[in-house]
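Colleague: Please take a close look at one part of this structure, the surroundings of a single helix. A connected account would be welcome.

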Amino acid sequence: MFPFDKHAKERIIRIQMNLSPAARASKRAWERCRDWEGRLSMDYARPTELEEALGLLCTKRWTILAGGTDFYPALGAGPMKSDVLDINGLSALQGIHETETHIVFGARTSWSTVIDAPLPPAFDMLKRAAREVGSVQIQNTGTIAGNLCNASPAADGVPPLLALDADVELRSAEGVRHLPLSAFVLGNRETARTPEELLTAIHVPRASSRGASGFVKLGARRYLVISIAMAAARVVRDGERIAEAAISVGSCSAVAQRLSGLEAQLKGAMCADIRRAISDYDFPELSPIDDVRGTAAYRVEAAREIAVRALEQALDGMDCRGAAA
Ligand SMILES: Cc1cc2nc3c(=O)[nH]c(=O)nc-3n(C[C@H](O)[C@H](O)[C@H](O)COP(=O)(O)OP(=O)(O)OC[C@H]3O[C@@H](n4cnc5c(N)ncnc54)[C@H](O)[C@@H]3O)c2cc1C
């Protein structure tokens, strides 16, 4: 397959490609041919205003392109399978800002921006997760919203954002709606986003950004790895006791889960007793599978250990800073 022709029409570029014999053999690609025999065409748009993007989303089904770090690998060697709405011209979706009630991450905020941002200790788990997303090059390009919309069970961004009670802002030409992250990611590669909607921001309530936090990812090697299990924990301390804990585990179910049973068990527990409190917890929230990376039983035991370590990291963070709230 190689580029054939390009011409722009009202800010939408129609790209036409000749198909290689191998691509012609693909039934799906053949069905997508719109012009003439053997030639595939697709539309590409790169709006600079949010309204324009939302207007385009009403016209037909587009695939949204942000950093492209999930989008391009998913294409494999095949041709583009859909029209592409590139949101990299939407500067309004970039960066982190604060309101009276929330800390707001624009959808296009990259993982590197998260790492460099001056955020409270409760966000340390998100920063640690950001450092685990691929390599520095991937962190510079990949976005926080792309990670959520791709909805991989192993997405590193989901457990910390769950433990921060994040919600997502979804905009369409019809208006805006907010969904808790737990109601947005519905399953493996499945979200509650409709085709007309763009995820525009992620909101973290100030009330949930108290305390300190930790994140631990277990993989088969140290770097550039898909996790076997990961845990994010946020703790608010009251002297030697835990006043509040928010814990979530990823890669041990189709969607990362908050461990509400364990959170209730830890409330009021002595900080020094964390390991004992978790030792008999049976993780009813998780439904791990056996796969090439680990067995279900191994994943549960791994979740137990990394949950302890994430909690210990959070408590260490508090000791270092000398403040809990
Ligand atoms: C080498 C490599 C290593 C990686 N390692 C990790 C890792 O360790 N951990 C990890 O979690 N991920 C990893 N990833 C995956 C990827 O980098 C992240 O998920 C990243 O955050 C995706 O963001 P993006 O902007 O590149 O998304 P894109 O690829 O642009 O988009 C991803 C999906 O989200 C949709 N989308 C994007 N933005 C929006 C929006 N605003 N509204 C609606 N839909 C949207 C797209 O249509 C697409 O379906 C890796 C990828 C590569 C290539």
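Modeller: The account below concerns helix 6 and the sheet beside it. The model is predicted: local features need pLDDT of at least 70, side-chain atom pairs count only at pLDDT 80 or more, and totals for chains, interfaces and linings use all residues. Residues are numbered from 1 along each chain as its sequence is written.

Helix 6 spans residues 124–132; helices here are DSSP runs of H or I with at least four residues, strands are runs of E with at least two, and both are numbered from the N terminus. Seven of the nine residues in helix 6 are buried, that is, 20 or more other C-beta atoms, placed from the backbone, lie within 10 Å of their own. These are Asp124, Met125, Leu126, Arg128, Ala129, Ala130 and Glu132.

Helix 6 lies across strand 13 and strand 14 and runs at about 25 degrees to strand 13; the angle, on a scale from 0 to 180 degrees, is taken between N-to-C directions of axes fitted to C-alpha atoms, for helices over the stretch in contact, where contact means C-beta atoms, placed from the backbone, within 7 Å.

Both strands belong to an open, antiparallel sheet of four strands in the order 13-14-15-16, and pairing requires at least two DSSP bridges. Strand 13 (212–218) and strand 16 (257–258) form the edges, each pairing on one side only. Seven bridges join strand 13 to the antiparallel strand 14 (residues 229–238); among the bridge partners, Ala233 in strand 14 faces Gly214.

Just after helix 6, Gly134 takes a positive phi of about 55 degrees.

Technical notes
A residue is buried if 20 or more other C-beta atoms lie within 10 Å of its own, exposed if 12 or fewer, and partly exposed in between; C-beta atoms are placed from the backbone. Two residues are in contact if their C-beta atoms, placed from the backbone, lie within 7 Å.
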